[in-house]
Amino acid sequence: MITVSHLSHSFGPHWVLKDCSFSLEKGDFVFLSGPSGAGKTTLLRLLYADMPIQRGDVQVAGMDLKKLTPRDVSLLRRQVGVVFQDFKILPMRSVLANIALPLEVRGLPREQIERRARAVTRALGLDGRLHTKCGELSGGEQQRVAIARSFVVNPRVLLADEPTGNLDPELSYRLMELFKQFQAYGATVVF
């Protein structure tokens with residue numbers, strides 16, 4: 001599902017990643033750990049084609065990231081769900097609208113969008129906030145909206161950049177159970 005071979009990335013003269021190689025199969029679940037500045041977020045950004053590959057080779061969901069056209073990036077992101085560290089939600093839109101957005105982009109029928117979005121919000125304890133604007137939510141609730149938005153598309157690969165950072169222990173545990181369910185259905189998870 002993910003193959004990284006001799007990947008290196010620098011910001012100016014500073015190497016953040018140097019000669020990294022690994023392979024993850026369908027259904028693998030891995031944790032990246034390390035101190036701040038170790039390159040964890042950079043690696044995730046490279047895996048979803050937010051930055052170009054400088055050196056090495058990377059394949060994600062059968063796509064060679066060095067050869068992606070702009071259209072290919074869109075196709076890749078239909079296979080990869082991302083939980084961003086800074087949420088990237090739309091504060092003036094409702095919880096339901098934020099979660100439904102990636103399904104609308106895919107052109108799914110309204111009733112299917114509604115059903116899938118409601119199922120994910122129930123699983124994350126957001127069903128009572130469906131019509132609340134995201135800008136009115138707490139940090140933990142906003143984080144759950146971001147997580148729900150990544151889950152709702154049933155991605156083959158799920159990349160999560162510190163997804164439990166603003167959550168209490170009980171919600172963190174529930175979230176880990178949801179990530180494990182995605183893994184059980186064959187998603188490759190990088191946490």
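# Briefing on a predicted single-chain model

Asn154 is placed in the loop that links helix H5 (139-151) to strand S7 (157-160). In this predicted model, Asn154 has a positive phi near 50 degrees although the residue is not glycine. The protein chain holds six helices and eight strands, and two open sheets of four strands are described below, one with antiparallel pairing and one with parallel pairing.

**Confidence**

- The protein chain has a mean pLDDT of 91, and 99% of its residues reach 70 or more.
- Among the elements of the chain, strand S4 (residues 55-60) has the highest mean pLDDT, at 98, and helix H6 (residues 169-184) the lowest, at 83.
- Where pLDDT is low, predicted coordinates should not be read in detail.

**Overall form**

- Along the sequence, the elements follow the pattern β-β-β-α-β-β-α-β-α-α-α-β-α-β.
- The radius of gyration of the protein chain is 17 Å, close to the 16 Å given by the globule rule for 191 residues, so the chain is as compact as a globular protein of that length.
- Taken along the principal axes, the box filled by the C-alpha atoms is roughly 45 × 35 × 30 Å.
- Of the 191 residues in the chain, 48% are buried.
- The chain exposes about 9,700 Å², and carbon and sulfur atoms supply 52% of that area.
- Among contacts between residues at least 6 apart in sequence, 64% join residues at least 24 apart.

**The antiparallel sheet**

- This open sheet has four strands in the order S2-S1-S4-S5.
- Its edge strands are S2 and strand S5 (63-64), each of which pairs on one side only.
- Strand S1 (residues 2-11) and strand S2 (residues 14-24) run antiparallel and are joined by seven bridges; within this pairing, Val4 has Phe22 of S2 as its bridge partner.
- The hairpin of S1 and S2 has two residues between the strands, and Gly12 there takes a positive phi near 65 degrees.
- S1 also pairs with S4 in the antiparallel sense, over five bridges; the bridge partner of Ile2 in S4 is Val60.

**The parallel sheet**

- The order of the four strands in this open sheet is S3-S8-S7-S6, and the pairing is parallel.
- Strand S3 (29-30) and strand S6 (80-83) form the edges, each pairing on one side only.
- Three bridges connect S7 with strand S8 (residues 188-190) in the parallel sense, and Leu159 stands opposite Val190 of S8.

**Nonpolar cores**

- In soluble globular proteins, nonpolar side chains tend to be buried together.
- The largest nonpolar core has 36 residues, of which Ile99, Leu124, Val145, Ile147, Phe151, Leu175 and Phe179 touch the most other members.
- Two or more residues of this core come from each of helix H3 (95-105), helix H4 (110-123), H5, S7 and H6.
- H6 makes the greatest contribution to this core, with six residues.
- A second, separate core has 27 residues, including Ile2, Leu24, Leu43 and Leu159.
- When neighbours within four places in sequence are left aside, Ile147 is in contact with Val83, Leu124, Pro163, Leu167 and Leu175.

**Individual residues**

- His6 lies in strand S1 and has a positive phi near 55 degrees, although the residue is not glycine.
- Most residues other than glycine have a negative phi.
- With a relative accessible area of 48%, His6 falls below the 50% limit for an exposed residue and is therefore partly exposed.
- Glu141 belongs to helix H5.
- The relative accessible area of Glu141 is 15%, which is under the 20% cut-off, so this residue counts as buried.
- Apart from neighbours within four places in sequence, Glu141 is in contact with Leu126 and Arg129.
- Glu141 and Leu126 are 15 residues apart along the chain, and their C-alpha atoms are separated by 7.6 Å.

Notes: Residues numbered from 1 in each chain as written. Predicted model: local features only at pLDDT ≥ 70, side-chain atom pairs only at ≥ 80, totals over all residues. Heavy atoms only, no water. Pairing = 2+ DSSP bridges. Buried < 20%, exposed > 50% of the residue type's maximum accessible area, 1.4 Å probe, protein only. pLDDT = per-residue confidence, 0-100. Core = buried A, V, L, I, M, F, W, Y, C linked by side-chain atoms within 4.5 Å. Contact = heavy atoms within 4.5 Å. Rg over C-alpha atoms; globule rule 2.2 N^0.38 Å. Areas by Shrake-Rupley, 256 points an atom, 1.4 Å probe, with all protein chains shown as cover.
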